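This report concerns the salt bridges of one protein model and the exposure of the residues that form them. Please consult the sequence and the structure shown here while reading.

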Amino acid sequence: MPAESRPDSHQQTALSLLYSDHHGWLFGWLRRRLGCSHNAADVAHDTFTRILASSESLGLREPRAFLATVARRLLIDRARRQRIEQAYLDELLLMSSDLDGFPSAEQVACAIEALEQIARALDGLPAGPRGALLLRHLDDYSHQQIAEHFQVSTKTVQTWLVKAMLHCHSVFADRAP
C-alpha cells in the first residue's frame, strides 16, 4: 500500500476494533442470508476489504448498519455478476446445440487417440507403402495418381497398399483385448 493511502495508527486502531467487534456478527448475518458459510466468509472478507480501501469506517455511530449496507451492495454486485455468468453459460449452451454438425469434446478426444494409434502403426512401414496409404485414404488419390506421384507402376501401388493394410491389421489385431 502506498504511504499516502496507508491508514495512520488511529485509523488502524479504529479498523481493528470495527473488525474484532463486528466480524462475527457480519459473518452470521451473511451466512443466514446466503445459506453457505464459504460464500458468507468471502463476502465478509470483501466487506472489510472495501472498508479498508475507503477509510469510511471512522466515527461511525451505527457500525452494523454501515457493515450491512456495504455487504448488501457487495451481494448485489455478486448477484449481478452471477446473472451475467449464467447468461453467458446459457448462450454457450444454446450455441453448442446449434452446432449439430460439430463433434463434442469427447468425440474429438477419441478421434485424436485413434489418429495417434494409426500414426504409431504407420511408423513401422517403409516410406512407399506409408505414403501410398496416406495419399489413398487422406487425399483420395486414385491408384494412377499415386503411381504418378511416386513414379512407380500401379501394380507397385497396389502391392504397397495391400502391404500397408496387412501391417495395420496385424498391429491393431495384436493390441485388441
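## Exposure classes

A residue is called buried when its relative accessible area is under 20%, exposed when that area is over 50%, and partly exposed in between. The model discussed here is predicted. With a relative accessibility of 29%, Asp77 is classed as partly exposed, because this value falls between the two cut-offs.

## Salt bridges of Asp77

Three salt bridges are present in the structure. One of them joins the side chains of Arg50 and Asp77, with an N to O distance of 3.9 Å. Arg50 belongs to helix α2 (residues 37-54) and Asp77 to helix α3 (residues 63-98), so this pair ties together parts that are 27 residues apart in sequence.

Asp77 also forms a salt bridge with Arg80, where the closest N and O atoms are 3.4 Å apart. Both Asp77 and Arg80 lie in helix α3, and their separation of three residues is about one turn of the helix. Arg50, Asp77 and Arg80 are thereby linked in a network of salt bridges.

The arginine partners in this network are partly exposed: the relative accessibility is 39% for Arg50, and the relative accessible area is 44% for Arg80.

## The Arg136 and Asp140 pair

A further salt bridge is formed by Arg136 and Asp140, whose closest N and O atoms are 3.5 Å apart. Arg136 is partly exposed, with a relative accessible area of 29%, whereas Asp140 has a relative accessibility of 60% and counts as exposed. Asp140 is placed in that class because its value is over 50%.

Key: Residues numbered from 1 in each chain as written. Predicted model: local features only at pLDDT ≥ 70, side-chain atom pairs only at ≥ 80, totals over all residues. Heavy atoms only, no water. Salt bridge = Lys/Arg side-chain N within 4 Å of Asp/Glu carboxyl O. Helix = DSSP H or I, 4+ residues; strand = E, 2+ residues; numbered from the N terminus. Buried < 20%, exposed > 50% of the residue type's maximum accessible area, 1.4 Å probe, protein only.
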